[in-house]
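User: Please take a close look at the salt bridges in this structure and explain which parts of the chain they connect.

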Amino acid sequence: MGLFKRKKVILALGGGSARGLANIGVLKVFERHFGRDKMPFDVIVGTSIGSLIGAAYCTGMLAKELERRSLGFNWPNMVDLGFYPTGLIKGDKLEKIITEMVDGSTFDDLKIPFALTTTNVETGEEFMHTSGNLIKLIRASCSWPGIFTAVDIDGQMLADGGVRNSIPTKAAEKLGGTFIVAVNPGFSVKKQKIKNALQALVQSLQIMGEELNMYQSGVADIAIKPELKDIDQFDFDKVSIIIKQGEIAAEENMKDLRKRLKSIW
């Protein structure tokens, strides 16, 4: 490599709730092409459900096992309703799923260096974490403000990392990433007749989210965007379709990825 150190390659896994499960399909393809123990990424960083998938993968879990477990994701398993100061869903069921997915691991236990993002809902600050209580931080990163309760960690009310980092490319840059591969699950902007205030609100959030995704994925050297037409963030009954679309999108980018990785090594 002469006088030059090779570039630092980072994989950034975007959020999107059910749509974010496309990250698993992308990991399946990377595994097929590179091998589980020869993945080309120095660090994996995730936001929202991307933080859960990324952390579980960094424990050493195979992508196929991630897929198998994700087939059990559904709203009854995740929802414990109530009226809480920062959300309608307490989040204890979600934390149980997270604990099982990462097998109680800590940051230090992970086989691939890992980071995740959260947002302080009281101040608007964004945070990137490479240490701390992994399970609580993933829970925070996956907690949509107003839906799941925010998580109090060291006096900070932390919630969904996707509020500020729907695709964590900024975090990847802060980690020293000089070659960033991002997965952009996208938002579900629908062409529809708006009939009530709730539809208008949800559609507006989707439009804003898609604009943020376009900006943040533009930072990446390679952005993988699965085709998830007519699939929204709540469609956990379409897990197999979502993962398959992640596979298709990753395969479409594989030739370019291999070529560009070869040029920096």
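Analyst: A salt bridge is counted here when a side-chain nitrogen of Lys or Arg lies within 4 Å of a carboxyl oxygen of Asp or Glu. By that criterion, a search of the whole structure, which is a predicted model, yields 20 salt bridges.

One of these pairs E67 with K28, and the closest N and O atoms are 3.0 Å apart. The two residues belong to distant parts of the chain: E67 is in helix α3 (residues 63-70), whereas K28 is in helix α1 (residues 22-34), with their positions 39 residues apart in sequence. Both partners fall under the 20% limit for a buried residue. E67 is buried because its relative accessible area is 12%, and K28 likewise counts as buried because its relative accessibility is 11%.

Helix α1 takes part in another such contact. The side chains of R32 and E251 meet in a salt bridge, with an N to O distance of 3.4 Å. Since R32 lies in helix α1 and E251 in helix α9 (residues 239-264), the pair ties together parts that are 219 residues apart in sequence. E251 has a relative accessible area of 34% and is therefore partly exposed.

A further salt bridge joins E126 and K174, whose closest N and O atoms are 4.0 Å apart. Here a strand is linked to a helix: E126 lies in strand β6 (residues 126-129) and K174 in helix α7 (residues 169-174), so parts 48 residues apart in sequence are tied together. E126 counts as partly exposed because its relative accessibility is 21%, while K174, at 58%, counts as exposed.

Some of the residues described above also belong to a network. Salt bridges with shared partners join K28, R32, K64, E67, E247 and E251 into one network.

A helix contact of another kind may be set beside these charged pairs. The axes of helix α2 (residues 49-58) and helix α5 (residues 92-102) come within 8 Å and cross at roughly 30°. Helix α2 is therefore roughly parallel to α5, because angles under 35 degrees are classed in that way. On the α2 side the contact involves L52, A55 and A56, which meet I98, M101 and V102 of α5. By class, the contact of α2 with α5 comprises 6 nonpolar residues, with no polar and no charged ones.

Definitions and conventions:
Residues numbered from 1 in each chain as written. Predicted model: local features only at pLDDT ≥ 70, side-chain atom pairs only at ≥ 80, totals over all residues. Heavy atoms only, no water. Axes fitted to C-alpha atoms, helices over the stretch in contact; angles between N-to-C directions. Helix = DSSP H or I, 4+ residues; strand = E, 2+ residues; numbered from the N terminus. Parallel < 35°, antiparallel > 145°, perpendicular 65-115°, else oblique. Contact = heavy atoms within 4.5 Å. Nonpolar A, V, L, I, M, F, W, Y, C, P; charged D, E, K, R; others polar. Buried < 20%, exposed > 50% of the residue type's maximum accessible area, 1.4 Å probe, protein only.
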